[in-house]
Amino acid sequence: MIHFKNTGFIFLFSALFLASCANESNTNKNYIYLETCFEDYYLNYDSDVKYELQLFEKQLIAEKHLKDSSGKAYKNLLKDLSRDVYFNPPLQFDAFNNAVLYRVPNNLMKCATSIFGLDSSEIANTPYFKVQDKIRRDLQEDDSISIGNVFNYNATYLSEDDFNTEFVRYSTLQLLYRWYFQSKYNREIPLTEAEIKATNEFN
């Protein structure tokens, strides 16, 4: 017959485990409703944002900016961009949607709380919004925060599992979508001969 001497420890461990699962479940629930708000915002502009960003993701993989669609691949790309800043050629994607490129849904939390009844404090405590809050606080201290820091914060504080949720993935893809456009059309650093050659070879 087995006797448990440390039942207090077992109950404590079980409680912590269940609390952790509950927190993870709440985070996933919040992300699901936030993604719905995100998608609905662009439907108001006759844009299927998920479709547009899925096309873009396929191009990132084809051009080898992303190894694949995994959360690990997203973290690696963001780390690379935090150091090199611009996307390196080839940059052949040109099917930009103006609404996705220029419009930013800045009231997603309000949408999620007012329409779906989510707790704003729970949303604020999701990893994604903690990163956004850190970026906002840094911008208040220094309005010249670099895009490299933005990429670095997302790569550092978001897990591979976070990037596997649709809300975080599509929000990150939109950030990359805009920066790809910047890298292709408004690049301040001239392309090197090797980069020009890589573009020509891809053509």
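Start by selecting helices α3 and α10 (helices are DSSP runs of H or I with at least four residues, and strands are runs of E with at least two, numbered from the N terminus), whose crossing is left-handed, meaning that the near helix is turned anticlockwise from the far one by less than a right angle, whereas a clockwise turn would make a crossing right-handed. The two helices pack at an angle of about 30°, with their axes 12 Å apart, where axes are lines fitted to C-alpha atoms, for helices over the stretch in contact, and angles run from 0 to 180 degrees between N-to-C directions. α3 and α10 are therefore roughly parallel to each other, on a scale in which angles under 35 degrees count as roughly parallel, over 145 as roughly antiparallel, 65 to 115 as roughly perpendicular and the rest as oblique.

To see the contact itself (heavy atoms within 4.5 Å), show the side chains of G71, Y74, L77, L78 and L81 on α3, together with R169, T172, L173 and L176 on α10. The residues of this contact between α3 and α10 divide into six nonpolar, two polar and one charged, with Ala, Val, Leu, Ile, Met, Phe, Trp, Tyr, Cys and Pro taken as nonpolar, Asp, Glu, Lys and Arg as charged, and the others, Gly among them, as polar.

Before moving on, keep in mind that this is a predicted model, in which local features need pLDDT of at least 70 and side-chain atom pairs count only at pLDDT 80 or more, while totals for chains, interfaces and linings use all residues. Residues are numbered from 1 along each chain as its sequence is written, and side-chain values use heavy atoms, with hydrogens and water left out.

Next, keep α3 (residues 71-84) selected and add α8 (residues 147-157), which packs against α3 at an angle of about 150°, with the axes 8 Å apart. That angle makes α3 roughly antiparallel to α8, and α3 passes α8 in a left-handed crossing. On the α3 side the contact is made by K75, L78, K79, L81 and S82, and on the α8 side by G148, F151, N152, N154, A155 and T156. By class, the residues of the contact of α3 with α8 comprise four nonpolar, five polar and two charged.

Now zoom out to the whole protein chain, which has 11 helices and zero strands. Of its 203 residues, 39% are buried, where buried means under 20% relative accessible area, exposed over 50%, and partly exposed in between, with a 1.4 Å probe and protein chains only. If you consider contacts between residues at least 6 apart in sequence, 78% of them join residues at least 24 apart.

The interior is the next stop. The largest nonpolar core (a set of buried Ala, Val, Leu, Ile, Met, Phe, Trp, Tyr and Cys residues joined through side-chain atoms within 4.5 Å) has 49 residues, and those with the most contacts inside it are F87, F167 and L176. Among the helices that each supply at least two residues of this core are α1 (7-43), α2 (49-62), α7 (127-141) and α10 (166-185), and α10 gives the most, with nine residues. In soluble globular proteins, nonpolar side chains tend to be buried together.

Select F167 and, leaving aside its neighbours within four places in sequence, look for its contacts with Y31, L34, E35, F38, L108, Y128 and F129. From there go to Y31, which lies in helix α1 and counts as buried at 2% relative accessibility. The C-alpha atoms of Y31 and E166 are separated by 7.6 Å, although the two are 135 residues apart along the chain.

Further along, Y42 is also placed in helix α1, and Y42 is buried, with a relative accessible area of 0%. Between the C-alpha atoms of Y42 and P105, 63 residues apart along the chain, the separation is 8.3 Å.

Finish with three places in the loops. D46, in the loop between α1 and α2, has a positive phi of about 55° although it is not a glycine, and at 74% relative accessibility D46 counts as exposed. K64, found in the loop between α2 and α3, has a positive phi of about 70° and is not a glycine either; K64 is exposed, with a relative accessible area of 71%. Lastly, select P90 in the loop between α3 and α4, where the peptide bond from P89 to P90 is cis, with omega near 10°.
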